[in-house]
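Colleague: I should like to understand how the descriptive terms applied to a model are justified. May I ask about them one at a time?

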Amino acid sequence: MASASTAIPKYAKTGCNDTCGKVTIPYPFGIGADCSLNQWYIVDCNNSTPYLSAFSHLEVLGVDLEDQIITVSTPKISDCQTPWNSNLTMSIDLGKSPFLIDY
């Protein structure tokens, strides 16, 4: 008599959490420095909300390893919110990181 495995797959390094709130954080990302590939992939979990710590704590909305996409929330600024400075722009410096922006 064979039984089907009902084990839930683990996506993090051994000994590490693989979820923060409702977001699955698969390796090479990891919750904390010891659970990620390197500093670019460290995720901080604050109040059940994941943040990519290398980029001013951008909120992580999802990680899709198959399509190689990490979705983050960025601040929204419009001229109507800041009429005194209509030239205000937001940028994310990817520097030497392994990431690209796809709009």
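**Reasoning from values to terms**

Modeller: Let us begin with C20 in this predicted model: its relative accessibility is 1%, so C20 counts as buried, the cut-off being under 20%.

Colleague: What makes C45 partly exposed?

Modeller: The relative accessible area of C45 is 33%. Buried requires under 20% and exposed requires over 50%, so C45 falls in between and is called partly exposed.

Colleague: How do you know that a disulfide joins C20 to C45?

Modeller: The S to S distance is 2.0 Å, and a disulfide requires the sulfur atoms to be within 2.5 Å. The pair therefore meets the criterion. C20 lies in strand 1 and C45 in strand 4, so the link ties together parts that are 25 residues apart in sequence.

Colleague: Why is the disulfide of C20 and C45 called right-handed?

Modeller: The torsion about its S-S bond is about 90°, and the disulfide is therefore right-handed.

Colleague: What is the handedness of the link of C16 and C35?

Modeller: The link of C16 and C35 has -85° about the S-S bond and is left-handed. C16 lies in the segment before strand 1 (19-20) and C35 in the loop between strand 3 and strand 4, so this pair ties together parts that are 19 residues apart in sequence.

Colleague: How do you know that C16 to C35 is a disulfide, and are these two cysteines buried or exposed?

Modeller: The S to S distance of C16 and C35 is 2.0 Å, which is within the limit of 2.5 Å. C16 has 7% relative accessibility and C35 has 12%. Both values are under 20%, so C16 counts as buried, and C35 counts as buried too.

Colleague: How many disulfides does a search of the whole structure find, and what pattern do they follow?

Modeller: The search finds two disulfides. Counting bonded cysteines along the chain, the pattern is 1-3, 2-4.

Colleague: What makes strand 4 and strand 5 a pair?

Modeller: Pairing requires at least two bridges. Four bridges join strand 4 to strand 5 (residues 49-52), so the criterion is met; these strands run antiparallel. One of the bridge partners in strand 5 is P50, which is matched with C45. The hairpin of these strands has two residues between them, and N47 takes a positive phi near 55° there.

Colleague: How do you know that strand 3 pairs with strand 4?

Modeller: Two bridges join strand 3 (residues 30-31) to strand 4 (residues 42-46), and at least two are needed. The strands therefore pair, and they run parallel. G30 stands opposite I42 in strand 4.

Colleague: Which elements make up the protein chain?

Modeller: The protein chain has seven strands and zero helices. From the N terminus on, the order is β-β-β-β-β-β-β.

Colleague: Which residues touch the most other members of the largest nonpolar core?

Modeller: They are I25, F29, V43, L52, F55, V60 and F99, in a core of 13 residues. Leaving aside neighbours within four places in sequence, F55 is in contact with W40, I92, D93, L94, S97 and F99.

Colleague: What share of the protein chain counts as buried?

Modeller: Of its 103 residues, 25% count as buried. The chain exposes about 7,900 Å², and carbon and sulfur atoms supply 51% of that area.

Conventions: Residues numbered from 1 in each chain as written. Predicted model: local features only at pLDDT ≥ 70, side-chain atom pairs only at ≥ 80, totals over all residues. Heavy atoms only, no water. Buried < 20%, exposed > 50% of the residue type's maximum accessible area, 1.4 Å probe, protein only. Areas by Shrake-Rupley, 256 points an atom, 1.4 Å probe, with all protein chains shown as cover. Core = buried A, V, L, I, M, F, W, Y, C linked by side-chain atoms within 4.5 Å. Contact = heavy atoms within 4.5 Å.
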